[in-house]
Amino acid sequence: MQYNVDKIKQHLKRKQTADRYEHTIGVAYTAVCMAMRFDCDLKKAEIAGLLHDCAKCFSDEVQLHKCEKYHISMSEAERLAPYLLHAKLGAFMAMDKFGINDKDIINAILYHTTGRPAMSTLEKIIYIADYIEPRRIKAPNLTEIRRMAFVDLDCTMLMILGDTLEYLKKRHKDRKDIMDEMTVKTYDYYKQLELDRKEVLEAKGKEEKEMQEE
């Protein structure tokens, strides 16, 4: 996989605001650190981190226009809240402009805002890195989430998704139509995963206790 990281950085630095570019570098750096911890391809993590917000330099109106122009499907929630579209448009741009053809990288960009059930390790790393990179300071429970990010990816996903849904409910309490379905589905998936894991651990603990009592 031969991608010119310096060329990507130069393009992003020209197109993004200073704050957005610093965030982008922070996500790429965090993603590479997490990739080291979870035995994921470092180059893929860096590229996906750099390009996750490559379409965020466009206004909502331009994002809508480009999605229509390139026949990128949009849900009703995305039309009502176009800021969600930068992930889909960014995945398209990664392929069309930067020549990225790795499916895992494209999916990591595509799902970095909503997540999806059964995400790959790289997808989870980019989703989490976007939330915990060093410049983030306002999210609730950030200290604990940052610690857990290097311990258990699935548990970290659940923590972030839960906090995200709480935030969206408060922000859009009168607009349920803006709530993205994929985010809800992703939360439900990781919630069930956690419940299943607890059930297995409890059953194992019970079995060990019974064996000790025999």
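Begin by selecting helix 3 in this predicted model, and colour A45, E46, I47, A48, G49, L50 and L51, which are the buried residues of that helix. Helix 3 is mostly covered, since 7 of its 10 residues are buried. To see what lies over those buried residues, show helix 1, helix 2, helix 6, helix 7 and helix 8, which are included in the cover. Before leaving this part of the model, zoom in on the start of helix 3, where a side-chain oxygen of D41 comes to within 3.0 Å of the backbone nitrogen of K43.

From there, step back along the chain to D39, in the loop between helix 2 and helix 3. This residue is not a glycine, and yet its phi is positive, at about 55°. Is D39 buried or exposed? With a relative accessible area of 75%, D39 is exposed. A second residue to select is A118, which sits in the loop between helix 7 and helix 8, and which also is not a glycine but has a positive phi, near 55°. The relative accessibility of A118 is 48%, so A118 counts as partly exposed, because that class lies between the limits of 20% and 50%.

Next, turn to the interior and select M34, I47, L51, I100, I105, I128 and I132, the residues with the most contacts inside the largest nonpolar core, which has 51 residues. Two or more residues of this core come from each of helix 1 (5-15), helix 2 (18-37), helix 3 (42-51), helix 6 (85-96), helix 7 (103-110), helix 8 (121-132), helix 9 (142-148) and helix 10 (153-171). Of these, helix 8 gives the most, with 8 residues. In soluble globular proteins, nonpolar side chains tend to be buried together. Now centre the view on M34 and, leaving aside its neighbours within four places in sequence, look for its contacts with I125, I128, A129, I132, A149, F150 and L153.

For the last stop, display the largest pocket, whose volume is about 1,100 Å³. Which residues of the lining are the closest to the centre of this pocket? Select K56, D130, Y131, R136 and Y167, which have that place among the 31 residues of the lining. Helix 2, helix 8 and helix 10 each supply at least two residues of the lining, and helix 10 gives the most, with 6 residues. If the lining is coloured by class, 12 residues appear as nonpolar, 7 as polar and 12 as charged.

Terms used:
Residues are numbered from 1 along each chain as its sequence is written. This is a predicted model: local features need pLDDT of at least 70, side-chain atom pairs count only at pLDDT 80 or more; totals for chains, interfaces and linings use all residues. Side-chain values use heavy atoms; hydrogens and water are left out. A nonpolar core is a set of buried Ala, Val, Leu, Ile, Met, Phe, Trp, Tyr and Cys residues joined through side-chain atoms within 4.5 Å. Buried means under 20% relative accessible area, exposed over 50%, partly exposed in between (1.4 Å probe, protein chains only). Helices (H or I, at least four residues) and strands (E, at least two) are DSSP runs, numbered from the N terminus. Contact means heavy atoms within 4.5 Å. A polar contact is a pair of N or O atoms within 3.5 Å; within protein, one must be able to donate a hydrogen and the other to accept it, and residues adjacent in sequence count only if both atoms are side-chain atoms. On a 1 Å grid over the protein atoms alone, a cavity is a set of points where a 1.4 Å probe fits but cannot get out, and a pocket is an open set with protein on both sides within 12 Å along at least five of seven lines; lining residues have an atom within 4 Å of a point. Grid points are joined across faces, edges and corners, and a volume is the space filled by probe spheres set on the points. Ala, Val, Leu, Ile, Met, Phe, Trp, Tyr, Cys and Pro count as nonpolar, Asp, Glu, Lys and Arg as charged, and the others, Gly among them, as polar.
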